[in-house]
Amino acid sequence: MTCSNNQCDRPHYARNFCKLHYEHDRRDRGVPAASRIHNIWMTMKQRCYYKDHSNYPNYGARGIQVYEDWRGDFQKFYDWALAHNYASNLTLDRVNVNGNYEPANCRWITMKEQQLNKRNNRLLTLKGVTRTTTEWAELMGVNRATIKTRLFRGWNDERALVTPVRGRR
């Protein structure tokens, strides 16, 4: 696909324009190139489609894709972000870590919240309630490393969570 500018035959980059004409279009719409939200949009696409990206194995190689309307049109992603409480202290999160980047599966949350929604989190269940190790540690007032060590030693979830911590000798 080529640029939609009639006098240009460069390859398509975004919004049906080549990179040069996309930059002109973006500036005309008042979106700064170096904006944080623009970087989020670019890296989201790179993780999913650029095989040389360091995180491609965790995204694109697993089949995770970007919503078609967002993939080629920063303005649509930008408009969605602003309408869904984007703020400079928040990160883009996929509610279902195995799902695509799409409006129904994305939200803006803090980095702390983001860390609770990862595939490599260890989930523990106590009395029918399931939480991450970090959440249980905060809730129980126990160091997360203590819980992790107990689990590593073969303790079950309940024993690891409810056994009081002995004082140092």
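**Chatting through the helices, cores and hairpin**

Trainee: I'm looking at helix α6. What do its buried residues pack against?

Mentor: Quite a few neighbors: the buried residues of α6 pack against β3 (123–126), β4 (129–132), α7 (144–152) and α8 (157–162). Keep in mind that this is a predicted model.

Trainee: Which residues of α6 are the buried ones?

Mentor: In α6, which spans residues 133–140, they are T133, W136 and A137. Looking down the axis of α6, these buried residues fall within an arc of 100°, so they line one face of the helix.

Trainee: Why would residues three or four places apart point the same way?

Mentor: An α-helix has 3.6 residues a turn, so that spacing brings them round to point the same way.

Trainee: And what is exposed on the other side of α6?

Mentor: E138 and L139 are exposed there.

Trainee: What follows α6?

Mentor: G141 follows α6, with a positive phi near 70°.

Trainee: Let's go to β3 and β4. How do they run, and how many bridges join them?

Mentor: They run antiparallel, and four bridges join β3 to β4. Within that pairing, L124 stands opposite R131 in β4.

Trainee: Which residues of β3 are on the covered face and which on the uncovered one?

Mentor: L124 and L126 make up the covered face, while L123 and T125 are on the uncovered one. In a regular strand, side chains alternate between the two faces of the sheet.

Trainee: How many residues are between the strands of this hairpin?

Mentor: Two, and K127 in this hairpin takes a positive phi near 50°. K127 is found in the loop between β3 and β4, and K127 is not a glycine.

Trainee: Is K127 buried or exposed?

Mentor: Exposed, at 77% relative accessibility.

Trainee: Which other residue that isn't glycine has a positive phi?

Mentor: N85, with phi near 70°. N85 lies in the loop between α4 and β1 (91–94), and N85 is exposed too, with a relative accessible area of 62%.

Trainee: Since you mention α4, which of its residues are buried?

Mentor: F74, Q75, F77, W80 and A81. There's also a contact at the start of α4, where a side-chain oxygen of D73 reaches to within 3.0 Å of the backbone nitrogen of Q75.

Trainee: What does F77 touch?

Mentor: Leaving aside residues up to four places away in sequence, F77 touches I37, I40, W41, M44, W70, L92 and W108.

Trainee: How many residues are in the largest nonpolar core?

Mentor: There are 19, and F77 is one of those with the most contacts inside it, along with M44, W70, W80, L92, Y101 and W108. The elements giving two or more residues to this core are α2 (36–49), α4 (74–83) and β2 (106–109). The largest share, six residues, comes from α2.

Trainee: Which residues does the second core include?

Mentor: That separate core has ten residues, including L124, I147, L151 and A160. You've met L124 already, on the covered face of β3.

Trainee: Stepping back, how many helices and strands are there?

Mentor: Eight helices and four strands. From the N terminus on, the order is α-α-α-α-β-β-α-β-β-α-α-α.

Trainee: What percentage of the residues is buried?

Mentor: 36% of the 169 residues in the protein. As for the surface, the protein exposes about 10,900 Å², and carbon and sulfur atoms supply 47% of it.

How values were computed. Residues numbered from 1 in each chain as written. Predicted model: local features only at pLDDT ≥ 70, side-chain atom pairs only at ≥ 80, totals over all residues. Heavy atoms only, no water. Core = buried A, V, L, I, M, F, W, Y, C linked by side-chain atoms within 4.5 Å. Buried < 20%, exposed > 50% of the residue type's maximum accessible area, 1.4 Å probe, protein only. Contact = heavy atoms within 4.5 Å. Polar contact = N/O pair within 3.5 Å; in protein donor to acceptor, adjacent residues only side chain to side chain. Areas by Shrake-Rupley, 256 points an atom, 1.4 Å probe, with all protein chains shown as cover. Arc of directions from axis to C-beta. Pairing = 2+ DSSP bridges.
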